[in-house]
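I opened the coordinates and kept notes as I went. The entries follow the order in which I looked things up.

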Amino acid sequence: MTDPHAERILIIDFGSQVTQLIARRIREAGVFCEIVPFDKAAEALGDDLKGVILSGGPCSVGDEGSPRAPQAVFDLGVPVLGICYGQMCMVAQLGGEASGSTEREFGRAFVEVKNASPLFAGLAAPGQTEEVWMSHGDRVTALPDGFEIIGASPNAPYAAFADEIRRFYGVMFHPEVVHTPRGATLLTNFVRTICGCSGQWTMAAYRDEKIAAIREQVGPEGRVICGLSGGVDSSVAAVLIHEAIGERLTCVFVDTGMMRAGEAEEVVTLFRDHYNIPLVARDASNMFIDALAGVSDPETKRKTIGRLFIDVFDEEATNAGGADFLAQGTLYPDVIESVSATGGPSVTIKSHHNVGGLPERMKMKLVEPLRELFKDEVRALGRELGLPDTFVGRHPFPGPGLAIRLPGDITREKLDILRAADTIYLDEIRKAELYDTIWQAFAVLLPVKTVGVMGDGRTYDHVCALRAVTSTDGMTADYFPFPHDFLGRVATRIINEVNGINRVVYDITSKPPGTIEWE
């Protein structure tokens with residue numbers, strides 16, 4: 001069996017907003033990698049490392065107390081690639097000079113290749129230029145001994161450099177972002193050609209390795225309980241664990257009454273009938289809706305739902321005979337976003353609905369088989385496990401469900417209106433064959449009523465907002481540019497078919513400054 005972790009690239013994070021993109025590009029090249037904050041990097045060094053990448057960051061290398069890589073990185077004998085701040089850091093630590101500059105570069109630039117290098121293989125030859133994305137105010141002023149320039153731009157004479165003997169490389173631009181059109185090729189050159197990785201990071205290999213790891217962690221008699229939300233993450237985790245330990249997994253699905261139309265029935269049918277996974281399904285919708293009566297603050301909604309979910313889950317887990325382990329669909333972005341690269345606190349935009357209070361309360365150990373994967377990789381693993389495309393490809397759905405798509409107080413009537421509008425919207429998106437192009441699409445029922453005219457009568461009904469965004473990982477997003485005739489068709493259907501709505505609007509806010517969800 002191929003071990004997908006046998007070849008490891010370490011990414012040392014200095015706080016860049018796009019460090020995750022480096023990891024994504026490397027995974028796409030078939031190589032396993034992990035991200036660690038700079039102050040934890042020394043602990044992550046090991047004999048299995050094939051290479052190290054130093055990320056960008058917001059600091060200036062000349063600032064007092066600015067972060068550095070462990071000096072041991074440069075003594076490991078493995079290739080090192082510094083990107084933007086990481087390039088400056090390498091220069092400063094190896095005896096060169098870097099400083100602030102009045103000649104800054106932000107945005108598109110063109111780097112002229114000065115000397116042949118395996119880093120630029122398949123890209124530009126000496127004398128040719130390569131389009132890149134710059135975002136820097138500092139610049140290198142003197143290279144350390146052993147380095148030579150391999151690329152320059154008008155405002156960055158040391159835009160790319162290399163010590164080919166030690167296999168140390170630095171680039172001032174960001175190859176990880178889509179604005180560097182062929183940056184993925186450069187990163188592939190680094191990990192596959194320069195570091196010598198074979199590119200065996202596949203979902204098939206990951207599946208086999210993770211099944212073996214689950215069996216080892218749980219043991220021959222351990223039992224696992226999984227909180228099944230109906231979303232992609234918990235579903236993939238459940239099917240993977242079931243392959244590993246079979247009937248010793250029990251899933252608990254709590255219907256909060258905040259699901260989309262037909263969703264609860266779909267989850268129960270898929271897991272109980274198709275996969276034959278032991279499943280406890282609890283309809284607690286009345287309890288949740290009653291508890292949310294009169295609650296309009298979004299944080300209070302989330303916390304109320306989270307608290308009740310834990311209560312119901314705890315009760316059903318106990319009734320099912322308990323377990324030694326709790327399974328969660330934690331993903332890699334959840335793991336690395338919980339650790340600030342600078343050691344400081346992160347801003348909390350909103351609370352996340354999770355079962356994080358359960359391990360301590362129920363005295364169980366965690367099984368998190370997806371914690372090394374990005375969202376798109378979870379989908380690929382789901383397909384590898386045989387989950388249907390219609391399920392694996394579903395748009396993300398928030399833990400609190402429709403509760404946060406109903407600004408203001410929640411009632412059964414409003415939930416029914418919202419479900420009906422949302423169903424029509426998604427139906428039209430699928431008919432237009434746009435569902436897989438869009439990251440997330442949903443309807444929101446606003447706490448606003450407007451005057452309308454239907455037939456010969458006056459109406460005073462709700463406003464429905466439609467939202468659709470494109471994204472790669474949900475961290476940033478742009479609104480989807482529907483044709484006006486599509487929006488008009490959807491609005492007509494919703495107003496004609498859903499009693500209680502007489503006006504439809506479309507949200508064209510990007511993230512940032514907005515969030516994807518409304519609450």
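**Entry 1: strand β3 and its partners**

I began with bridge partners and found that I11 is matched with I53 in β3. The model is a predicted one, which I kept in mind throughout. I then looked up the strands behind this match: β1 (residues 8–13) and β3 pair in the parallel sense, over 5 bridges. β3 also pairs with strand β4 (residues 80–83), again in the parallel sense, here over 3 bridges. On that side L54 has G82 in β4 as its bridge partner. I noted for myself that strands of a sheet pair through backbone hydrogen bonds, either parallel or antiparallel.

How much of β3 is covered? I counted 5 buried residues among the 6 of β3 (residues 49–54), so I wrote the strand down as mostly covered under the cut-off of 20% relative accessible area.

**Entry 2: I9**

I stayed with β1 and picked I9, which lies in that strand. Its relative accessible area is 0%, so I9 is buried. I listed its contacts, leaving out residues up to four places away in sequence: I26, V31, F32, C33, E34, L49, K50, G51, I53, V191, C195 and C197. I also took one long-range distance: the C-alpha atoms of I9 and A159 are separated by 23 Å, with the two positions 150 residues apart along the chain.

**Entry 3: nonpolar cores**

Which residues touch the most other members of the largest nonpolar core? I found I12 and I53, in a core of 65 residues. For I12 I listed the contacts, again without residues up to four places away in sequence: V36, F38, A41, V52, I53, L54, S55, A69, P70 and V73. A second core is separate from this one and has 46 residues, among them V312, M364, L406 and A441.

**Entry 4: helix α3**

I moved to α3 (residues 85–93), where 8 of the 9 residues are buried, so the rest of the structure largely encloses this helix. The buried ones are Y85, G86, Q87, M88, C89, M90, V91 and Q93. Just after α3, I noted a positive phi of about 105 degrees at G95.

**Entry 5: cysteines**

How many disulfides does a search of the whole structure find? I got 0. I checked C33 in particular: the closest cysteine sulfur is that of C197, at 9.9 Å, which is too far for a bond. C33 has 0% relative accessibility and therefore counts as buried. C59 is in no disulfide either, and the nearest cysteine sulfur, in C89, is 10 Å away. C59 has 27% relative accessibility, so I entered C59 as partly exposed.

**Entry 6: the five-stranded sheet**

Further along I looked at an open sheet of 5 strands, in the order β12-β11-β10-β13-β14 and with parallel pairing. Its edge strands are β12 (279–283) and β14 (365–367), each paired on one side only. Neighbouring strands here are turned against each other by 25 degrees on average, direction ignored. I then checked one pair: β13 (residues 325–327) and β14 are joined in the parallel sense over 3 bridges. Within that pair A327 stands opposite V367. Helix α5 (residues 203–218) packs on the sheet and touches β10 (224–228), β13 and β14. I recorded about 165 degrees between the direction of α5 and that of β14.

**Entry 7: E316**

Is E316 buried or exposed? I found a relative accessible area of 12%, so E316 is buried. E316 is part of helix α9 (residues 298–319). Setting aside residues up to four places away in sequence, E316 touches V252, V280 and R282.

**Entry 8: whole chain**

I finished with the totals. The chain has 15 helices and 18 strands. Its radius of gyration is 26 Å, close to the 24 Å that the globule rule gives for 519 residues, so I noted the chain as being as compact as a globular protein of that length. Along the principal axes, the C-alpha atoms fill a box of roughly 80 × 65 × 40 Å. Buried residues account for 56% of the 519 residues. Of the contacts between residues at least 6 apart in sequence, 76% join residues at least 24 apart.

Key
Residues numbered from 1 in each chain as written. Predicted model: local features only at pLDDT ≥ 70, side-chain atom pairs only at ≥ 80, totals over all residues. Heavy atoms only, no water. Helix = DSSP H or I, 4+ residues; strand = E, 2+ residues; numbered from the N terminus. Buried < 20%, exposed > 50% of the residue type's maximum accessible area, 1.4 Å probe, protein only. Contact = heavy atoms within 4.5 Å. Core = buried A, V, L, I, M, F, W, Y, C linked by side-chain atoms within 4.5 Å. Disulfide = S-S within 2.5 Å. Pairing = 2+ DSSP bridges. Axes fitted to C-alpha atoms, helices over the stretch in contact; angles between N-to-C directions. Rg over C-alpha atoms; globule rule 2.2 N^0.38 Å.
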